[in-house]
Amino acid sequence: MSISNRELIILLRIVLIILVLLIPIDFLFSLIPGKVGKYFDNHIMAIVSGILIFIIFLLRIKYFYFEAEYEIIHLRQRPLMFDYMTLLNSYGYSRYEFPKKLLKDVYVENFLWFKTLVFVVETSNGKLRERTIDVTYLSNRKLDEVLRTMRSIVEQNKLK
């Protein structure tokens, strides 16, 4: 079973494409002589489109993918568009793949409106490492399903 927020990402990509296209369209319409050109002289459509693109940029919306079908857990995330955190490091791009037997704990941390899935994995040295992945834009139903699946794996690992 795989869980993702693909529908949201596809919708937002379509919105972004439309917003980006509205900017040159606004400038082209302003070049038309007469009444039509006067409606677009202030470039309100381009300004509003730019502001909305900037807001989407600041929200740091990320694609999330989870799969735990067989013996390996796959967790992936990547930004919807260029993420300002990628200027500092590769925070926006995360990919974790590990055997189910190495999962020791899982929980969600909340900070304001941001949610982070934290899972503890045992390394090959026997040490425990915390890994995090952003789940802010994953629906609560899907997040509960991810947590339920991962917690059942943790319980199975404790029994072994």
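Does Phe40 count as buried or exposed, and what is its relative accessibility? In this predicted model, Phe40 counts as buried because its relative accessibility is 19%, and the cut-off for buried is under 20%.

Phe40 is also a useful place to begin looking at the aromatic rings, of which the structure holds 5 pairs. In one of these pairs, the ring centres of Phe29 and Phe40 lie 5.1 Å apart, and because their planes meet at 55 degrees, the pair is described as tilted. This pair links distant parts of the chain, since Phe29 belongs to helix 1 (residues 6-30), while Phe40 sits in the loop between helix 2 (35-39) and helix 3 (44-59), with the two 11 residues apart. Phe29, in turn, has a relative accessibility of 35%, and therefore counts as partly exposed.

A second pair to find is that of Phe98 and Phe119, whose ring centres are 5.5 Å apart and whose planes are at 20 degrees, so that this pair is stacked. Here, too, distant parts of the chain are linked, with Phe98 in strand 4 (residues 94-99) and Phe119 in strand 6 (residues 114-122), 21 residues apart. Both Phe98 and Phe119 are buried, and together with Tyr96 they form one aromatic cluster.

Finally, a ring can also have a charged side chain over it, and for this the reader may turn to Phe114, where Arg60 lies over the face of the ring at 5.8 Å from the ring centre.

Terms used
Residues are numbered from 1 along each chain as its sequence is written. This is a predicted model: local features need pLDDT of at least 70, side-chain atom pairs count only at pLDDT 80 or more; totals for chains, interfaces and linings use all residues. Side-chain values use heavy atoms; hydrogens and water are left out. Rings of Phe, Tyr and Trp (its six-membered ring) pair if their centres lie within 6.5 Å; planes under 30 degrees apart count as stacked, over 60 as edge-to-face and the rest as tilted. Helices (H or I, at least four residues) and strands (E, at least two) are DSSP runs, numbered from the N terminus. Buried means under 20% relative accessible area, exposed over 50%, partly exposed in between (1.4 Å probe, protein chains only). A charge sits over a ring if NZ of Lys or CZ of Arg is within 6 Å of the ring centre and within 35 degrees of the ring normal.
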